[in-house]
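This report describes the interior of one protein chain, beginning with its nonpolar packing and going on to its cavities, one of its helices and its aromatic contacts. The model shown here is predicted.

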Amino acid sequence: MNIFTIISLFGGLAMFLYGMRLMGDSLKESSSGTLKLALEKCTRNTFTAFLLGMAVTALIQSSTATIVITSGLVGAGIITLRQSLGIIIGANVGTTVTGQIIRLLDLNTTSASWLQLFKPATLAPLALIIGIILIMAFKFKSSDRIGKIFIGFGILFSGLLNMTGAVSSLSETGIFESIFSQLERSPLLSYLSGAGVAFALQSSSATIGILQAFSTTGLLTFKAIYTAIVGIYLGDCVTTAIVCSIGAKAEAKRVGVVHILFNLSETVVVLIGVTIARLTGLLDNIWSAPITSGGIANTNTIFNLSCAVLLFSMIPVYEKLSRIIIHDDPVPINPYIEKLEALNTNFYKTPALAFRSSYDILCAMFDASRANFDRAFGLLRHFDQAEFEKLQQEENYIDLMTDRVSGYLVNFSAYVHEDLHTRMLDQYYRVTSEFERLGDHAVNISETAQNLSEQEASFSALAQSELDVMKELLDHILDNAALAFKKRDFISAQHIEPLEEVTDDVINSVRVSHLDRLYSGKCNFLVSNDFQNLLSDLERISDICSNIGIATVARVKPELATLSHDYISSLHQGSDETFNAEYSEAHDFYFAKLDSLHSEDEEPETDN
């Protein structure tokens, strides 16, 4: 034994761990949308949730990732704690797939046999070749990610081969024989060793893979490693529980607690089962015999699958225990706290989930800002201090959501690589500031109402009626803006621009009418400035809706993204017949309302 053998061993371990991570991350990125949809839709009963957890974990090669994502979904309120429990048990079974792949080390083939293709020594370079060809020679949509999956697979097996080669050299020194004999004599030491290594590596699959590599020495026995295998389950789930608990709400933390409870139960079941099997002589043939890579993979699979079947009925008990261990969160003062907590950085590597959390916050921002706009308009007719203070509080929440989602999107940008995701990120970031500005203008309107109340002044009936017409028009625009963003509705986005142009015309007309009344002495000059400021706020709100529509158009039709200014200019210049027709219809409708108001106004103005 020399230092170079040790370096080779740990270098192989590094390659193995990196290959597993690269392959898993690429698989998660490739399937993020499907993964999100599946986790939301396929958890309606515990059995389908179990199958889903098993399938997802087998796909992305990480039970930790599956459970962390599940915890985030529970925290976001997308699925319930009860729905998540089946996924947790399924994830434990799904993680055994990696070991079954690694058991290819056991293939005993000749150079002439077609089975030679499935040996790691062949699979590793073959996967690397396919991966680099996909990355360098192909340019289709997912070529890079698929190539990285193959590269990760190749690196994983290359590292495994490196480890086994180093282990073979070290096995001649007698060190491993001494270590493994200690594990045979002390099941507790074996259990703690498995838990400690899994905790340090943050992966049960990787730890099982290391055991499989050591099995090539011929020194490992079932007696020595069965307690280490169940110890691995505990070490892995402790890591998962810690990750699930960081900054999470109570329901999300309970996911991690249930995972620990299940794995502790699994330990008890396995130890009792093995003891009974040993006493009845069922394990005599394998108890002290050398165990192969395939034997370790099968033991791991049998332990997990058997425990899943035996403990499945315990799910309600685990849920109750988790609620006893983790108390409910205090009732939040902030009504948006759940949506804010759903901005989980664990979702960054699963873009669909990160976008879903951001979307929910942005919808809440838009709804809160629009509600404040309605509330502010009500204050113009009847000022109420309690309602004014409620509006101010909502504005504080809107500002908080803006800060949180903006920071979340900025940090998330480093994980966004697909063209579609880039367009979504661009749209989300652009509308974040627009939704905040909508709330700001609602505050401005409320402060105008407060100022009028303090002066014990008000707008005239005609002025208030003109404002009501503009409110109706802006509600029409806001309805289209909501559909454009929330439903990614291109048609609704197109409806905004002609209405925005009509809003400008109506505001200009109302402004001229106001000045005429001011010059003729029918308007109270003390509230004239408030009225002018109010018109400016209404004009800015229509501009905000226009920007929301443009952001939606740019996302749906990216070819217009760099030509948005030219696109809008061409509409306003009358080159689009649909725009012209909608503009004319809306113009005639709202100006007819204004003309009707002015014709009915026969009384002289005393204020405004």
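## Nonpolar cores

The largest nonpolar core of this predicted model has 131 residues, and the members that touch the most others are Phe303, Phe373, Phe459, Leu467, Val506 and Leu538. Helix 17, which spans residues 351-381, gives the largest share of this core, with 15 residues. Another core lies apart from it and consists of six residues, including Ala124, Ala127, Phe153 and Leu156.

## Cavities

Across the whole structure, three cavities of 30 Å³ or more are found, and the largest cavity holds about 90 Å³ of space. Its lining is made up of Ser63, Asn92, Thr95, Ser204, Ser205, Ile208, Tyr233, Asp236, His259, Asn263, Asn300 and Asn304. Two or more of the lining residues come from each of helix 11 (204-214), helix 12 (222-245), helix 13 (250-279) and helix 14 (293-311), with helix 11 giving the largest share, three residues.

By residue class, the lining of the largest cavity divides into nine polar residues, two nonpolar and one charged.

## The two faces of helix 15

Helix 15 covers residues 315-325, and within this helix Ile315, Tyr318, Glu319 and Ser322 are buried. These four residues lie on the same side of helix 15, because they cover an arc of only 100 degrees around the axis. Such an arrangement can be read against the geometry of an α-helix, which has 3.6 residues a turn, so that residues three or four places apart point the same way. On the face of helix 15 turned away from the buried side are the exposed residues Lys320 and Ile324.

## Aromatic contacts

The structure holds 22 aromatic pairs. One of them joins Tyr226 and Trp287 in a tilted arrangement, with 5.6 Å from centre to centre and 45 degrees between the planes; this pair links distant parts of the chain, since Tyr226 is in helix 12 and Trp287 is in the loop between helix 13 and helix 14, 61 residues apart. Tyr226 is buried, with a relative accessible area of 9%, and Trp287, at 10% relative accessibility, also counts as buried.

The pair of Phe262 and Tyr318 is edge-to-face, because the ring centres are 6.2 Å apart and the planes are at 80 degrees. Phe262 lies in helix 13 and Tyr318 in helix 15, so this pair ties together parts that are 56 residues apart in sequence, and both residues are buried. Elsewhere, one aromatic cluster is formed by Tyr348, Phe355, Tyr359, Phe366, Tyr408, Phe412, Tyr415, Tyr428, Phe435 and Phe485.

Notes
Residues numbered from 1 in each chain as written. Predicted model: local features only at pLDDT ≥ 70, side-chain atom pairs only at ≥ 80, totals over all residues. Heavy atoms only, no water. Core = buried A, V, L, I, M, F, W, Y, C linked by side-chain atoms within 4.5 Å. Buried < 20%, exposed > 50% of the residue type's maximum accessible area, 1.4 Å probe, protein only. 1 Å grid on protein atoms, 1.4 Å probe; cavity = no way out; pocket = protein on both sides within 12 Å on 5 of 7 lines; lining within 4 Å. Points joined across faces, edges and corners; volume = space filled by probe spheres on them. Nonpolar A, V, L, I, M, F, W, Y, C, P; charged D, E, K, R; others polar. Arc of directions from axis to C-beta. Phe/Tyr/Trp six-rings, centres within 6.5 Å; stacked < 30°, edge-to-face > 60°.
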